[in-house]
Structures are given as structure tokens and as C-alpha cells.
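Student: I would like a close look at a single part of this chain. Please take one strand and explain how it sits among the rest.

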Amino acid sequence: MGEKIIIRNYKKEDELEWLDLHASLMVDSYAWWTVIHQKPEYKNESIDLVGVINDKIIALLTIEINADIIDLIEDDYGFAWEFGVHRDYRGHGYGKKLIKRAHKIMKESYGINKSIWFSQDKKAQKYYESLGMKEIERHWQFSFLPTEKQKKEFEKDGLSSLEIRASSKVDDFKKIKDKYKLIEDDALKARICIGYEYIP
């Protein structure tokens with residue numbers, strides 16, 4: 001069954017421990033490709049939860065209300081930016097409890113019962129699907145080397161670009177792959193990112 005988890009709001013003094021957990025989650029997942037050095041802040045109101053066992057943060061979830069990042073959702077929603085459970089505590093339903101608490105807060109405080117989740121990590125995608133999340137969109141995410149022509153264009157603006165992070169529609173990916181030199185480094189190589197809608 002696992003130990004009893006306390007789910008509470010994130011506090012400013014949690015930042016270093018939160019970042020330590022976030023870094024640990026990055027080691028286990030392909031959901032992120034850049035390391036963060038401070039806790040992100042978001043434009044709109046957000047629900048920021050941590051799961052604590054024996055005074056140690058072992059899980060986190062940050063949901064921004066009506067994030068500007070996507071335009072395919074017309075009604076109100078919460079966008080999940082950060083989510084994970086430390087590897088030593090997985091398999092006990094702690095992630096599900098965090099999501100349930102976030103939806104309770106969304107409903108009570110904002111009248112919203114829909115959350116949106118994106119991930120390019122296959123384990124995360126499988127987990128979301130196991131919770132009954134419905135796929136709403138998919139696209140490729142990848143990094144590539146700029147062409148000589150692009151480098152010269154960037155140089156006009158004083159830019160020197162070593163690599164570019166990008167995304168594309170699934171149907172366009174083959175022609176992009178044929179035209180550009182994609183980076184095949186393990187963390188940056190091309191992966192399909194799937195978006196999900198969750199309405200419990």
C-alpha cells in the first residue's frame with residue numbers, strides 16, 4: 001500500500017528540495033530536455049502541490065489555469081507543467097492522489113474539471129492512458145542543426161545558432177528529416193509528444 005502521503009501546497013522554502021526532486025525526475029524521464037535552476041513561475045494562476053512522506057518531498061504537480069501555450073482548447077482548463085513521483089515511491093497511487101487533489105481545487109476554486117497533459121516520454125504516455133486520459137493531439141519534437149543559409153540569416157541579427165529546438169506535425173516530419181540534420185543525442189533525439197485531456 002505504501003506510506004501515508006501528505007499533499008499540501010508548495011511553499012517558497014521548498015524550492016531547493018523541489019528542484020532536487022525535479023532533477024531526479026529528469027534522470028528517469030524523457031519528458032524534459034533542459035535542466036532548470038530555479039522553480040518556474042507562470043503567467044496565470046496555478047495550483048502548485050507537493051506530496052510529502054516523512055517530511056520529504058517525493059512528488060510534485062504544477063497546473064496553470066488556462067495556460068497560453070495551446071490554442072486547440074476553447075473552454076477553461078488546467079495545463080500540467082510539472083508532474084512526477086520519485087522513483088523510490090512509484091506504484092502506490094501517489095501520482096493519482098496528486099491529480100485528484102488538483103482537480104478538486106480546480107473545481108472548487110475555478111469551476112474547471114478538465115486538465116491537459118503533454119509528454120514525449122513513453123512511460124508517462126502509458127501512465128496517462130492507464131488513468132483514462134484521452135489523446136487530443138500528437139506532434140514531433142526534435143533538435144536540428146541550422147543550414148548554412150539559416151546561419152547566415154541569423155548572423156544578420158547578431159545570432160550564432162549551434163542547434164535549434166523545434167516541433168512539427170506528424171505528417172510533415174519525413175520531409176523535415178530529409179531536409180535537415182537532426183540531432184540524435186539521447187536526450188534531444190526526435191520523439192513524438194502526445195497531448196491528453198483528462199476529465200475525471
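Tutor: What follows is a description of one strand, set within the whole chain. The model is predicted, so local features need pLDDT of at least 70 and side-chain atom pairs count only at pLDDT 80 or more, while totals for chains, interfaces and linings use all residues. Residues are numbered from 1 along each chain as its sequence is written, and side-chain values use heavy atoms, leaving out hydrogens and water.

The chain has five helices and nine strands. Both kinds of element are DSSP runs numbered from the N terminus: helices are H or I with at least four residues, and strands are E with at least two. From the N terminus on, their order is β-α-β-β-β-α-β-α-β-α-β-α-β-β. The C-alpha trace spans about 55 × 35 × 30 Å along its principal axes. Of the 200 residues, 44% count as buried. Buried means under 20% relative accessible area, exposed over 50%, and partly exposed in between, with a 1.4 Å probe and protein chains only. Residues 24 or more positions apart make up 67% of the contacts with a separation of 6 or more; a contact means heavy atoms within 4.5 Å.

The part to look at is strand β9, residues 191–198. Seven of its eight residues are buried, so the strand is largely enclosed by the rest of the structure.

Two strands are joined to β9 by bridges. Two strands pair if DSSP finds at least two bridges between them. Strand β5, residues 115–119, is joined to β9 by five bridges, and the two run antiparallel. Within this pair, Ile-116 stands opposite Glu-197 of β9. Strand β6, residues 134–145, also runs antiparallel to β9, and seven bridges join them. Here Trp-140 stands opposite Ile-192 of β9. In a regular strand, side chains alternate between the two faces of the sheet.

For a helix to set beside the strand, take α2, residues 94–110. Helix α2 has 17 residues and reaches 24 Å from its first C-alpha to its last, close to the 24 Å expected at 1.5 Å a residue. The expected span is 1.5 Å times one less than the number of residues. Its buried residues include Leu-98, Ile-99, Ala-102 and Met-106. An α-helix has 3.6 residues a turn, so residues three or four places apart point the same way. Just after α2, Gly-111 takes a positive phi of about 65°.
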